[in-house]
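Visitor: I would like to learn how to read a fold from its coordinates, one feature at a time. Where should we begin?

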Amino acid sequence: MFVIETTKIALIGIIVEQPESVLKTNELLHQYAPYIVGRMGIPYRNRGISIISITLDAPEHVISSLSGKLGQIPGIRVKSMLAKTK
């Protein structure tokens with residue numbers, strides 16, 4: 001018997017304040033690639049930061065896990081939100 005897991009649509013916003021954190025961030029995002037629907041990165045050179053937005057279609061525990069792991073990387077600020085489902 002197969003169990004179909006319910007997924008949610010989520011948006012994770014990431015602000016990279018320390019350039020040396022980018023490699024670890026990208027490695028982590030690569031691990032979650034099967035759940036990533038889209039990704040947009042904006043280098044904001046005038047402020048010395050990068051802004052990354054990630055759209056996911058994943059089970060809630062996967063979204064939470066990724067968000068939590070990103071938040072543990074020094075020099076990274078993370079916020080996530082889930083779309084309301086019907």
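**Reading the first helix and its surroundings**

Guide: Let us begin with the buried residues of helix H1, which spans residues 22-31: they are Thr25, Leu28 and Leu29. Seen down the axis of H1, these buried residues fall within an arc of 100°, so they line one face of the helix. Please keep in mind throughout that this is a predicted model.

Visitor: Why should residues that are not adjacent in sequence share a face of a helix?

Guide: The general idea is that an α-helix has 3.6 residues a turn, so residues three or four places apart point the same way. In this structure the opposite face can be read as well, for the side of H1 turned away from its buried residues carries the exposed residues Leu23, Lys24, His30 and Gln31.

Visitor: And what do the buried residues of H1 pack against?

Guide: They pack against strand S2 (36-44), strand S3 (49-58) and strand S4 (76-82), and also against helix H2 (60-71).

Visitor: How is Val22 of H1 to be classed, given its relative accessible area?

Guide: Val22, which is found in helix H1, has a relative accessible area of 28% and is therefore partly exposed, the class that lies between the 20% limit for buried and the 50% limit for exposed. Its C-alpha atom is separated by 24 Å from that of His61, a residue 39 places away along the chain.

Visitor: Let us turn to the sheet. In what order do its strands lie?

Guide: In general, strands of a sheet pair through backbone hydrogen bonds, either parallel or antiparallel. Here there is an open sheet of 4 strands in the order S2-S3-S1-S4, with antiparallel pairing. S2 and S4 stand at the edges and have a single partner strand each, so one side of each is left without a neighbour in the sheet. From one strand to the next, the twist averages 15°.

Visitor: How many bridges hold each pair of strands, and which residues stand opposite one another?

Guide: S2 and S3 are paired in the antiparallel sense over 8 bridges, and Tyr44 stands opposite Ile49 in S3. The antiparallel pairing of S1 with S3 extends over 9 bridges, with Ala10 opposite Leu56 in S3. S1 and S4, which also run antiparallel, are joined by 7 bridges, and Ile15 is found opposite Arg77 in S4.

Visitor: Which strands does H2 lie across, and at what angle does H2 run to S1?

Guide: H2 lies across S1, S3 and S4, and its direction makes about 5° with that of S1.

Visitor: How should I describe the packing of the two helices on each other?

Guide: Two packed helices are described by the angle between their axes and the distance between the axes. The axes of H1 and H2 come within 10 Å and cross at roughly 170°. H1 and H2 are therefore roughly antiparallel to each other. Their contact is made by Thr25, Leu28 and Leu29 of H1 together with Leu66, Lys69 and Leu70 of H2, and by class it has 4 nonpolar, 1 polar and 1 charged residues.

Visitor: What can be said of the chain as a whole, from its elements to its contacts?

Guide: The chain has 2 helices and 4 strands, and from the N terminus on its elements run β-α-β-β-α-β. Of its 86 residues, 27% count as buried, and the C-alpha trace spans about 50 × 25 × 15 Å along its principal axes. Among contacts between residues at least 6 apart in sequence, 69% join residues at least 24 apart.

Definitions and conventions:
Residues numbered from 1 in each chain as written. Predicted model: local features only at pLDDT ≥ 70, side-chain atom pairs only at ≥ 80, totals over all residues. Heavy atoms only, no water. Buried < 20%, exposed > 50% of the residue type's maximum accessible area, 1.4 Å probe, protein only. Arc of directions from axis to C-beta. Contact = heavy atoms within 4.5 Å. Pairing = 2+ DSSP bridges. Axes fitted to C-alpha atoms, helices over the stretch in contact; angles between N-to-C directions. Parallel < 35°, antiparallel > 145°, perpendicular 65-115°, else oblique. Nonpolar A, V, L, I, M, F, W, Y, C, P; charged D, E, K, R; others polar.
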